[in-house]
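I set out to look up how the ligand is held in this structure, and then to check one strand residue away from that topic. My entries follow in the order in which I looked.

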Amino acid sequence: MDFKTMPSDVLFDVSQEIVLITGVSGQLGGEYAKAFLRRGARVVGLDVQPSAGSDSMAQNFPERYFFHTASVTDKVSLQDALVEIEARFGIPTVLVNNAAIDSPPSAPPEENGPFEDYPEASWDKVIDVNLKGAYLCCQVFGAAMAKARKGSIINVASIYGVVSPDQSLYEYRRKRGEVFFKPVAYSASKSGILNLTRYLAVYWAKKNVRVNSLTIAGVFNNQEQAFLDVYCSRIPVGRMANVDEYNGSVLFLASPASRYMTGANLVIDGGWTAI
Ligand SMILES: NC(=O)c1ccc[n+]([C@@H]2O[C@H](COP(=O)([O-])OP(=O)(O)OC[C@H]3O[C@@H](n4cnc5c(N)ncnc54)[C@H](O)[C@@H]3O)[C@@H](O)[C@H]2O)c1
């Protein structure tokens, strides 16, 4: 195809892709699923529980969307998911490792307390879902992609996997008498994702399976004003991301537009890590 005849959107075409998104019931997973569905792809949403958004996608796109209940920490369930996906759509060609957990601001005091007392059980739980979950999904779905010699894996990371959380941001909570430090396990799990990505990118390079990380920053979700004030003053663009602002990067990493890109970390963070 030469440049005069090539339709301008071929570069970003995902209409033939079979996309598996873990954590589809959360804030961002559902956005990614809709972005792919709107562009003609077939999408499988995987999560420990369905959501209203997932039900609505199943209703609106019965031929191109279904939900599968599974935990990313359970290899047998993931293998069952692969069997179902293959039977209904074929082998996945895109895997978005998006499922993750973090300690919510309302978590018990020991979870958001000083590092010195951070509970081992919380560490194990977060590493299990965020890092082992991504490893197991790569092992099950990535291996099938490698066998089929086609695939793009997108491992969702975080600014807190590239740099440390800035504990001074949470001073406003300590000033009002709360014990609060952003905990360690989430950061450690997300930096683990970065080298899981590089390892597999090299390992599967000749098998036509690309593996990249997507590092993102905080998304606006009606957080309390005191938090928004400090967070937004720390971020160069001065605001949190809107919920749909990572769709473009996920589509890019899934599409032929990024076909020479593997083992990379695409950082979309409003400038957070530039400082
Ligand atoms: N939202 C943000 O501000 C932000 C910032 C940086 C990075 N991220 C990353 O983006 C991704 C999505 O974040 P989000 O805000 O949509 O999170 P979310 O909490 O809204 O959604 C996460 C989803 O993962 C699911 N999940 C949890 N454990 C699971 C398991 N064992 N198996 C399968 N599914 C499981 C949950 O049920 C939930 O639906 C995560 O990897 C997160 O670390 C988010």
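Which polar backbone atom is 2.8 Å from an oxygen atom of the ligand? I found that this atom belongs to L28; I note at the outset that the model is a predicted one.

I then looked for further polar contacts of the ligand. A backbone N or O atom of Q27 lies 2.8 Å from a ligand oxygen atom, and in the side chain of Y186 an N or O atom is 2.5 Å from an oxygen atom of the ligand. Of the 830 Å² of accessible area that the ligand has on its own, the protein covers 82%.

Next I looked up the surroundings as a whole. The ligand takes up the space of the largest pocket, and the elements that give two or more residues to the shell around it are β5 (151-158) and α7 (184-203). Strand β5 supplies the largest share of that shell, with three residues.

I counted 25 residues around the ligand, the closest being L28, D47, N98, Y186 and K190. By class, the residues of the shell divide into 14 nonpolar, nine polar and two charged.

Last, I turned to V267, which lies in strand β7 (residues 265-268). I asked myself whether V267 is buried, exposed or partly exposed. V267 counts as partly exposed because its relative accessibility is 34%, a value that falls between the cut-offs of 20% for buried and 50% for exposed. I also noted that the C-alpha atom of V267 is separated by 6.1 Å from that of L214, although the two residues are 53 residues apart along the chain.

Notes. Residues are numbered from 1 along each chain as its sequence is written. This is a predicted model: local features need pLDDT of at least 70, side-chain atom pairs count only at pLDDT 80 or more; totals for chains, interfaces and linings use all residues. Side-chain values use heavy atoms; hydrogens and water are left out. A residue is near a molecule or strand if one of its heavy atoms lies within 4 Å of it. A polar contact is a pair of N or O atoms within 3.5 Å; within protein, one must be able to donate a hydrogen and the other to accept it, and residues adjacent in sequence count only if both atoms are side-chain atoms. Accessible areas come from the Shrake-Rupley method with a 1.4 Å probe; for residues, only the protein chains shown count as cover. On a 1 Å grid over the protein atoms alone, a cavity is a set of points where a 1.4 Å probe fits but cannot get out, and a pocket is an open set with protein on both sides within 12 Å along at least five of seven lines; lining residues have an atom within 4 Å of a point. A molecule sits in a cavity or pocket if more than half of its atoms lie within 2 Å of its grid points. Helices (H or I, at least four residues) and strands (E, at least two) are DSSP runs, numbered from the N terminus. Ala, Val, Leu, Ile, Met, Phe, Trp, Tyr, Cys and Pro count as nonpolar, Asp, Glu, Lys and Arg as charged, and the others, Gly among them, as polar. Buried means under 20% relative accessible area, exposed over 50%, partly exposed in between (1.4 Å probe, protein chains only).
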